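Grab the viewer and work through these exercises one at a time. Try each task before you read its solution.

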Amino acid sequence: MWVLKAGQWSLTQDPVEKYEDEVRDYVDMVKAAGYTAWTGVGKAYMVPLMLTVWARSEEPSFLFDLEGTDETQTVYAASLPDALTLLNQLAPTLQALAVTDQIAQAEPETMPVLADVLDKLHGRRRGQNGAVIQK
């Protein structure tokens, strides 16, 4: 598996793989390797790419599960600074996919919410009648 350490990528032994024979469920394997859920994005909004980050005290300290529509990729970050670097690299992609997915799945009853989000992004305000208030 790939691990990011001090800004450099290298291959490492997968610390989760050794639990494959004793535990069948992947989440249970991750937990058996000492990881606990740290953060994640995507499940609540049903985006085309979901991210779950798991953490533990020993290196590699962070496990990143990137779940696409057909496949999951797992990479590791050796330390917290490496995990923050990787999150920073992934953030624009995850944000763009979330926004695109929300627009694509918008229903008539959710259009006002979408309009509010777009107004906020563009720094616009609307009056009682719904018209944009010019600055």
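**Warm-up: a charged pair**

Arg 56 counts as buried, with a relative accessibility of 13% (buried is under 20% relative accessible area, exposed over 50%, partly exposed in between, using a 1.4 Å probe and protein chains only). The model is predicted, so local features need pLDDT of at least 70 and side-chain atom pairs count only at pLDDT 80 or more, while totals for chains, interfaces and linings use all residues. Residues are numbered from 1 along each chain as its sequence is written, and side-chain values use heavy atoms, with hydrogens and water left out.

Task: find the residue that forms a salt bridge with Arg 56.

Solution.
- Start with the criterion: a side-chain nitrogen of Lys or Arg within 4 Å of a carboxyl oxygen of Asp or Glu.
- The partner of Arg 56 is Glu 58, and their closest N and O atoms are 3.9 Å apart.
- Now check the surface: Glu 58 is partly exposed at 49%, whereas Arg 56 is buried at 13%.

**Exercise 2: a salt-bridge network**

Task: work out how many salt bridges a search of the whole structure finds, and which residues are linked in a network.

Solution.
- The search turns up 4 salt bridges.
- Asp 119 bridges to Arg 124, with 2.9 Å between the closest N and O atoms.
- Asp 119 also bridges to Arg 126, and here the closest N and O atoms are 2.5 Å apart.
- Put together, Asp 119, Arg 124 and Arg 126 make up a salt-bridge network.
- On accessibility, Asp 119 is buried at 6%, while Arg 124 is partly exposed at 34% and Arg 126 is partly exposed at 39%.

**Exercise 3: two rings**

Task: classify the ring pair of Tyr 35 and Tyr 76.

Solution.
- The whole-structure search gives 2 aromatic pairs (Phe, Tyr or Trp rings, taking the six-membered ring of Trp, with centres within 6.5 Å; planes under 30 degrees apart are stacked, over 60 edge-to-face, the rest tilted).
- For Tyr 35 and Tyr 76 the ring centres are 6.3 Å apart and the planes sit at 40°, so this pair is tilted.
- Tyr 35 is in the loop between helix H1 (26-32) and strand E3 (36-41), and Tyr 76 is in strand E6 (residues 72-77), so the pair ties together parts 41 residues apart in sequence (helices, H or I with at least four residues, and strands, E with at least two, are DSSP runs numbered from the N terminus).
- Both rings belong to buried residues: Tyr 35 has 1% relative accessible area and Tyr 76 has 0%.

**Exercise 4: strand E4**

Task: decide whether the two faces of E4 are covered or open, and list the residues on each side.

Solution.
- Count first: in strand E4 (residues 50-55), 6 of 6 residues are buried.
- Split by side, Met 50, Thr 52 and Trp 54 fall on one face, with Leu 51, Val 53 and Ala 55 on the other; both faces are covered.
- Next, the pairing (at least two DSSP bridges between two strands): E3 and E4 run antiparallel and are joined by 5 bridges, with Leu 51 in E4 as the bridge partner of Val 41.
- E4 also pairs antiparallel with strand E5 (residues 62-67), over 6 bridges, and Trp 54 is opposite Leu 63 in E5.
- Finally, a hairpin of 6 residues takes E4 into E5.
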